[in-house]
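Here are a few exercises for getting to know a new structure. Take a look at the picture, try each task yourself, and then follow the solution step by step.

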Amino acid sequence: MKFLFAAVHCIITAAGEIVVDPSIKEMVDVSAQLTFVFDSVDKNIIASSTEGSFSPEKFHESISKCRRGSDHLFSYYRDAVKKYSSAL
């Protein structure tokens, strides 16, 4: 395997706000849902799924916010490997 991957989900509310990793309560009044999968090396998109309507600007803003969210997942992966690698 050349890289790890991380999927990040976000929504665009009816008011136009982008929420990364929304709660169930935040999923009520949604105009769009987007999921992006990023690689751990260059943070390129390797897959995506969208539902609903959104502008190109909101699409690119969603990618940017989800990419930043993937940094947290990759950091978690690194910490988990460091913590449990001695047990393997």
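Two strands pair if DSSP finds at least two bridges between them. With that rule, E3 and E4 count as partners: 7 bridges join these antiparallel strands. Please keep in mind that this is a predicted model.

**Exercise 1. List the elements of the chain in order, from the N terminus on.**

Step 1: Count the elements. The chain holds 1 helix and 4 strands.

Step 2: Put them in order. Starting at the N terminus, the pattern reads β-β-β-β-α.

Step 3: Add the overall dimensions. The C-alpha trace spans about 50 × 25 × 15 Å along its principal axes, and 26% of the 88 residues count as buried.

**Exercise 2. Work out the order of the strands in the sheet.**

Step 1: Begin with E1, residues 5-13, which pairs with E2 in the antiparallel sense over 3 bridges. In this pair, Ile11 has Val19 of E2 as its bridge partner.

Step 2: Look for another partner of E1. E1 and E3 are also antiparallel, with 9 bridges, and here Val8 stands opposite Phe36 in E3.

Step 3: Continue from E3 to E4. Ala32 faces Gly52 of E4. The two strands E3 and E4 form a hairpin with 5 residues between them, and Lys43 in the turn has a positive phi of about 60 degrees.

Step 4: Join the pairs. The result is an open sheet of 4 strands in the order E2-E1-E3-E4, with antiparallel pairing. Strands E2 (18-20) and E4 (45-52) stand at the edges with a single partner strand each, so one side of each has no neighbour in the sheet. On average, neighbouring strands of this sheet are turned by 20 degrees against each other, direction ignored.

**Exercise 3. Find out what covers the buried residues of H1.**

Step 1: Locate the helix. H1 covers residues 56-84 and lies across E1, E2, E3 (30-39) and E4, running at about 140 degrees to E1.

Step 2: Check its length. The 29 residues of H1 reach 42 Å from the first C-alpha to the last, close to the 42 Å expected at 1.5 Å a residue.

Step 3: Pick out the buried positions. In H1, these are Ser62, Ile63, Cys66, Gly69, Ser70 and Phe74.

Step 4: Name the cover. It includes E1, E2, E3 and E4.

**Exercise 4. Explain why Cys10 and Cys66 do not form a bond.**

Step 1: Find the closest cysteine sulfur to that of Cys10. It belongs to Cys66, 3.6 Å away.

Step 2: Apply the cut-off. A disulfide needs the two sulfur atoms within 2.5 Å, so the 3.6 Å between Cys10 and Cys66 is too far for a bond.

Step 3: Check the whole structure, where a search finds 0 disulfides.

Step 4: Are the two cysteines buried or exposed? Cys10 is buried, with a relative accessible area of 0%, and Cys66 is likewise buried at 0%.

**Exercise 5. Describe the surroundings of Ser48.**

Step 1: Place the residue. Ser48 lies in strand E4.

Step 2: Name its contacts. Leaving out residues up to four places away in sequence, Ser48 touches Thr35 and Phe36.

Step 3: Look further along the chain. Val8 is 40 residues from Ser48 in sequence, and their C-alpha atoms are separated by 9.5 Å.

Methods: Residues are numbered from 1 along each chain as its sequence is written. This is a predicted model: local features need pLDDT of at least 70, side-chain atom pairs count only at pLDDT 80 or more; totals for chains, interfaces and linings use all residues. Side-chain values use heavy atoms; hydrogens and water are left out. Axes are lines fitted to C-alpha atoms, for helices over the stretch in contact, and angles run from 0 to 180 degrees between N-to-C directions. Contact means heavy atoms within 4.5 Å. Buried means under 20% relative accessible area, exposed over 50%, partly exposed in between (1.4 Å probe, protein chains only). The expected span of a helix is 1.5 Å times one less than its number of residues.
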